[in-house]
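Subject: Structure for your review

Dear colleague,

Please find below the structure I promised to hand over, followed by an account of what was found in it. I would be grateful if you read the notes with the coordinates open beside them.

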Amino acid sequence: MKIGGDNPVSVQSMTKTRTRDVEIVRDEIRRLSVSGCEIVRVAVKSPEDARAIREIKNEISLPVVADIHFDHMLALLAIDNGADKIRVNPGNITRSDHLNAIIDRSKEKGIAVRIGLNSGSLPAPRTDRKSPDEIMVDEALRYIDIFEKKGFDDLVVSLKSSDIITTIKAYRDIAPKTDVPLHLGITAAGTPSDGIVRSSVGIGSLLASGIGDTIRVSLTGDPVLEVETGKRILQSLGLREYGHKIISCPTCGRCQVDMVVITGEIEARLKGEISIPGSKKLNIAVMGCEVNGPGEAKDADIGIAFGSNKGAIFSRGNIVKTVNVDEAVEEFLRLIREMAVKGKQ
Ligand code: SF4
């Protein structure tokens, strides 16, 4: 999985179980892989965790990133045990001989390093009254310089904060100052209800302005949800395609059918079909009324707009077929499949 340049923005997550519990971690990584995770990070807190990376990788194909804090020896051990990338935090690996040892070993093994700044663990207090975003940028550039002076450029940088504005400022500041790929995230974003919104706003606004090469949504919850949210952010910005894109109206007093149930059924039944190789990914609209539906969703490849007992199936704003409400979902799904498969030919 390459990061940066013309490569697609990738989705990452992090395991939430002890890395030394190899079987449990492997199961977690398998679930993440099935959900679409492309890079997985594991916490390395002890030599047992670092050594477990070798066993984990025996049965796992996802690139594994070792997350290191404080102890550079753990980084070296993780590298020796097959880590594909090391994440180091300049806030707590500060000795130059320790950093140089990590650079040398990473170079020797041909693996990447993420310089992972975090506003909650910045280097020692400074006297220049700079804000956290400015300090993160300064430290990241200083670290990049150290690596590059040693001829090491297989780098990724992240500048995370739980404060969205601080995070956005930091990435906007550093983006024009370096070619190093940027890993985006809002750290400690919270439970899914808050964290999904915070991550979507923070990561989404940066991606929308062309900043970011890989993302991780951080949630206090199932990491699979982190991946699903990350994919949705990318798809909503048109940066990746993971399947059909469904839009549906919020309904209003004009609607005469149960849109929540109907849209939920269409979404659920299409979900298993998103990975048909080569099939065309469609923009699909489900609209609550015939009066405004086709017009409101005129960009849709295919859509359906409901009346009192009919559903009008339309394409690009033009009605192509009318069906009874009780057969509408089946017929709509049949036409979607037909249109999607045609995309393969
Ligand atoms: S498509 Fe029709 S039912 Fe849906 S919000 Fe618009 S006017 Fe209301």
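Two residues are taken to be in contact if their C-beta atoms, placed from the backbone, lie within 7 Å. With that cut-off, Ile262, Glu265, Ile266 and Arg269 of helix H9 meet Val329, Phe332 and Leu333 of helix H11. By class, the residues of this contact divide into five nonpolar, no polar and two charged. The axes of H9 and H11 (residues 325-342) come within 11 Å of one another and cross at roughly 35°, and the crossing in which H9 passes H11 is right-handed. An α-helix has 3.6 residues a turn, so residues three or four places apart point the same way.

Please bear in mind throughout that this is a predicted model.

The chain as a whole

The secondary structure of the chain comes to eleven helices and 13 strands, and the C-alpha atoms fill a box of roughly 75 × 45 × 35 Å when taken along the principal axes. The chain is divided into domain 1, covering 10-236, and domain 2, covering 245-342, and the C-alpha centres of domain 1 and domain 2 lie 40 Å apart. Of the 345 residues in the chain, 41% are buried, and among the contacts with a separation of 6 or more, 61% are accounted for by residues 24 or more positions apart.

Val9 and Arg41

Val9 lies in the segment before strand S1 (10-14), and it is buried because 22 other C-beta atoms lie within 10 Å. Not counting residues up to four places away in sequence, Val9 touches Leu207, Gly212, Asp213, Thr214, Ile215, Leu234, Leu239 and Arg240. One of these partners, Leu234, is 225 residues from Val9 along the chain, yet the C-alpha atoms of the two are separated by 7.7 Å.

Arg41, found in strand S2 (residues 39-43), also repays a look, and one may ask whether Arg41 is buried or exposed. Arg41 has 21 C-beta neighbours inside 10 Å, and therefore counts as buried. Leaving aside its neighbours within four places in sequence, Arg41 is in contact with Gln12, Met14, Val65, Asp67 and Arg87. Arg41 and Gln12 are 29 residues apart in sequence and 7.6 Å apart in space, C-alpha to C-alpha.

Lys45 is found in the loop between S2 and helix H2 (47-58), and, with 17 C-beta neighbours inside 10 Å, Lys45 counts as partly exposed. Between Lys45 and Asp154, which are 109 residues apart in sequence, the C-alpha to C-alpha distance is 24 Å.

Helix H7 and its surroundings

In helix H7 (residues 192-208), the buried residues are Gly195, Ile196, Arg198, Ser199, Gly202, Ile203 and Leu206. What covers these buried residues of H7 includes helix H6 (164-174), strand S7 (183-184), strand S8 (214-216) and helix H8 (223-236). H7 is followed by Gly210, whose phi is positive, near 85°.

Two backbone angles to check

Most residues other than glycine have a negative phi, and most peptide bonds are trans. Against that background, Ala188 has a positive phi, near 45°; Ala188 lies in the loop between S7 and H7 and, with 16 C-beta neighbours inside 10 Å, counts as partly exposed. Thr251 likewise has a positive phi, near 65°; its place is in the loop between strand S9 (245-248) and helix H9 (259-271), and with 17 C-beta neighbours inside 10 Å Thr251 counts as partly exposed.

The ligand

Which residues are around the ligand? They are Cys249, Pro250, Thr251, Cys252, Arg254, Cys255, Met287, Gly288, Cys289, Asn292, Gly293 and Glu296, so that, taking Cys and Pro as nonpolar and Gly as polar, the shell has six nonpolar, four polar and two charged residues. Thr251, whose phi is positive, is thus among the residues around the ligand.

With best regards

Key
Residues are numbered from 1 along each chain as its sequence is written. This is a predicted model: local features need pLDDT of at least 70, side-chain atom pairs count only at pLDDT 80 or more; totals for chains, interfaces and linings use all residues. Helices (H or I, at least four residues) and strands (E, at least two) are DSSP runs, numbered from the N terminus. A residue is buried if 20 or more other C-beta atoms lie within 10 Å of its own, exposed if 12 or fewer, and partly exposed in between; C-beta atoms are placed from the backbone. A residue is near a molecule or strand if its C-beta atom, placed from the backbone, lies within 6 Å of it. Domain bounds come from an automatic or database domain assignment. Axes are lines fitted to C-alpha atoms, for helices over the stretch in contact, and angles run from 0 to 180 degrees between N-to-C directions. A crossing is left-handed if the near helix is turned anticlockwise from the far one by less than a right angle, and right-handed if clockwise.
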